[in-house]
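Biologist: Hi, got a few minutes to walk through this one with me? Let's pull it up first.

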Amino acid sequence: MTLKPKLYGLIGFPVKHSLSPCMHNAALKALKIKARYKLFELQAEQLEDFLGNLKKNNILGFNVTIPYKEKVLPYVNTKSFGVREIGAVNTVVVTKDGKLKGFNTDFAGFSRHLKELKVNPKKTAIIGAGGAARAVCFALGNSKVEEVCIYDIDVYKSLNLSRQFKDAFDQTKFSAVARIDELNLQDKDLLVNASPVGMHADDPCLIEDKQIHKNIFVYDLIYNPVETRLISQARQRGARFSNGLGMLLYQGALSFEHFTGKKAPVKIMQAALEKGVKKL
Ligand code: NAP
């Protein structure tokens with residue numbers, strides 16, 4: 001009888017351009033763990049079957065991306081800190097007895113990267129109110145920032161998000177605005193782009209140059225391209241900035257630690273990611 005290889009992986013649709021395999025496989029190799037990290041591109045009707053055959057296929061844990069971060073929630077047996085509040089799971093560990101433990105390392109990855117960058121915001125502005133923005137809002141509320149102001153093209157989404165987190169965090173003032181200029185960047189020290197605007201070369205510029213000042217840190221969750229127009233604006237205006245590669249790295253490192261119980265080789269994962277992003 002041949003034993004099936006131990007597997008980790010990423011489920012989502014589409015996933016073929018994901019950088020997760022390169023960073024996880026580099027980490028598994030570095031720690032001499034005999035397992036592989038694979039992509040599982042699933043159609044909606046394949047999800048249940050995938051989740052029902054984890055033990056049979058020797059899958060020890062998996063990451064979850066769009067469009068399944070919310071859909072996997074009802075299947076997890078335990079939810080770690082943040083999962084319920086964010087309403088999404090991006091890391092699932094399969095226990096020996098087949099139970100599923102759900103984590104959200106997106107918010108923790110974002111927090112860890114901000115800490116590494118020594119960014120301690122007080123007043124923040126967020127563009128976008130989708131899944132990534134929820135994780136960012138939770139991270140900011142959890143670190144007790146004074147203010148989080150959210151703009152989305154769909155004002156009902158930003159209103160819903162701000163209302164939900166207003167109730168969850170009483171030390172942070174969450175609000176939503178209907179127009180992007182109402183974000184009032186002059187009095188903010190962190191701007192997060194959590195919208196997909198900037199992924200394509202012909203995407204519009206959402207923020208006027210003059211709104212970006214030296215005391216604001218611009219964090220664009222996008223990492224491909226490595227330098228979006230927003231990041232270029234920040235560079236030209238003398239503001240500090242980061243793309244989303246650090247958040248991706250730390251969510252991956254934290255997932256790896258949940259999967260294996262071992263400290264993630266962050267430098268190795270980072271080098272693999274930086275190499276991978278150049279090939280995209
Ligand atoms: P999402 O759930 O689709 O949310 C994006 C939100 O932005 C949606 O509410 C969308 O509205 C809104 N939006 C679209 N155009 C806008 C505009 N012009 N102005 C304001 N809001 C606008 O996507 P997501 O999963 O949150 O991801 C958002 C971005 O973050 C993506 O670029 C993704 O690659 C990136 N991301 C990075 C990381 C990382 O680790 N670095 C992790 C997660 C996500 P509509 O739905 O109406 O279009």
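Biologist: Which residues come nearest to the ligand?
Modeller: One thing up front: this is a predicted model. In it, 23 residues surround the ligand, and Ala-132, Asp-152, Lys-157, Leu-221 and Gly-244 come nearest.

Biologist: And how far is the polar side-chain atom of Asp-152 from an oxygen atom of the ligand?
Modeller: That distance is 2.7 Å. The backbone takes part in polar pairs with the ligand as well: an N or O atom of the Gly-131 backbone sits 3.1 Å from a ligand oxygen, and a backbone N or O atom of Leu-221 is 3.0 Å from a ligand nitrogen.

Biologist: Nice. What share of the ligand's area does the protein bury?
Modeller: The protein buries 74% of the 910 Å² that the ligand exposes when taken alone.

Biologist: Which elements give two or more residues to that shell?
Modeller: Those are α5, residues 131-142, and α8, residues 245-260.

Biologist: How do the shell residues divide into nonpolar, polar and charged?
Modeller: There are 16 nonpolar residues, five polar ones and two charged ones around the ligand.

Biologist: Switching to rings: how many aromatic pairs does a search of the whole structure find?
Modeller: It finds twelve. One of them involves Tyr-8 and Phe-259: the ring centres are 5.0 Å apart and the planes meet at 25 degrees, so this pair counts as stacked.

Biologist: Where do Tyr-8 and Phe-259 lie?
Modeller: Tyr-8 is in strand β1, residues 6-12, while Phe-259 belongs to helix α8, so the pair ties together parts that are 251 residues apart in sequence.

Biologist: Are those two buried or exposed?
Modeller: Tyr-8 and Phe-259 are both buried.

Biologist: What about Phe-81 and Phe-107, how are their rings arranged?
Modeller: Their planes are at 75 degrees with the centres 5.9 Å apart, so that pair is edge-to-face. Phe-81 sits in the loop between β4 (78-79) and α3 (83-86), and Phe-107 is in helix α4, residues 105-116; the pair links distant parts of the chain, 26 residues apart. Phe-107 has 8% relative accessibility, so it counts as buried.

Biologist: Which residues form an aromatic cluster?
Modeller: Phe-81 and Phe-107 are in one, along with Phe-138, Phe-165, Phe-169 and Phe-174.

Biologist: On to cysteines. How many disulfides does the search find?
Modeller: Zero across the whole structure. For Cys-137, the nearest cysteine sulfur is that of Cys-149, 10 Å away.

Biologist: Is Cys-137 buried or exposed?
Modeller: Buried: its relative accessible area is 0%. Cys-22, on the other hand, is partly exposed at 28%.

Biologist: Last topic, a couple of loop residues. Where does Asp-170 lie?
Modeller: Asp-170 is in the loop between α6 (155-168) and β9 (173-177). Its relative accessibility is 74%, so Asp-170 counts as exposed.

Biologist: And how far apart in space are Asp-170 and Glu-257?
Modeller: Their C-alpha atoms are 31 Å apart, with the two positions 87 residues apart in sequence terms.

Biologist: What about Leu-19, which loop is that in?
Modeller: Leu-19 belongs to the loop between β1 and α1 (20-30). This residue is buried, with a relative accessible area of 6%. From Leu-19 to Ser-158 the C-alpha separation is 29 Å, and the two are 139 residues apart along the chain.

Biologist: Great, thanks for the tour!

Key: Residues are numbered from 1 along each chain as its sequence is written. This is a predicted model: local features need pLDDT of at least 70, side-chain atom pairs count only at pLDDT 80 or more; totals for chains, interfaces and linings use all residues. Side-chain values use heavy atoms; hydrogens and water are left out. A residue is near a molecule or strand if one of its heavy atoms lies within 4 Å of it. A polar contact is a pair of N or O atoms within 3.5 Å; within protein, one must be able to donate a hydrogen and the other to accept it, and residues adjacent in sequence count only if both atoms are side-chain atoms. Accessible areas come from the Shrake-Rupley method with a 1.4 Å probe; for residues, only the protein chains shown count as cover. Helices (H or I, at least four residues) and strands (E, at least two) are DSSP runs, numbered from the N terminus. Ala, Val, Leu, Ile, Met, Phe, Trp, Tyr, Cys and Pro count as nonpolar, Asp, Glu, Lys and Arg as charged, and the others, Gly among them, as polar. Rings of Phe, Tyr and Trp (its six-membered ring) pair if their centres lie within 6.5 Å; planes under 30 degrees apart count as stacked, over 60 as edge-to-face and the rest as tilted. Buried means under 20% relative accessible area, exposed over 50%, partly exposed in between (1.4 Å probe, protein chains only). A disulfide is a pair of cysteine sulfur atoms within 2.5 Å.
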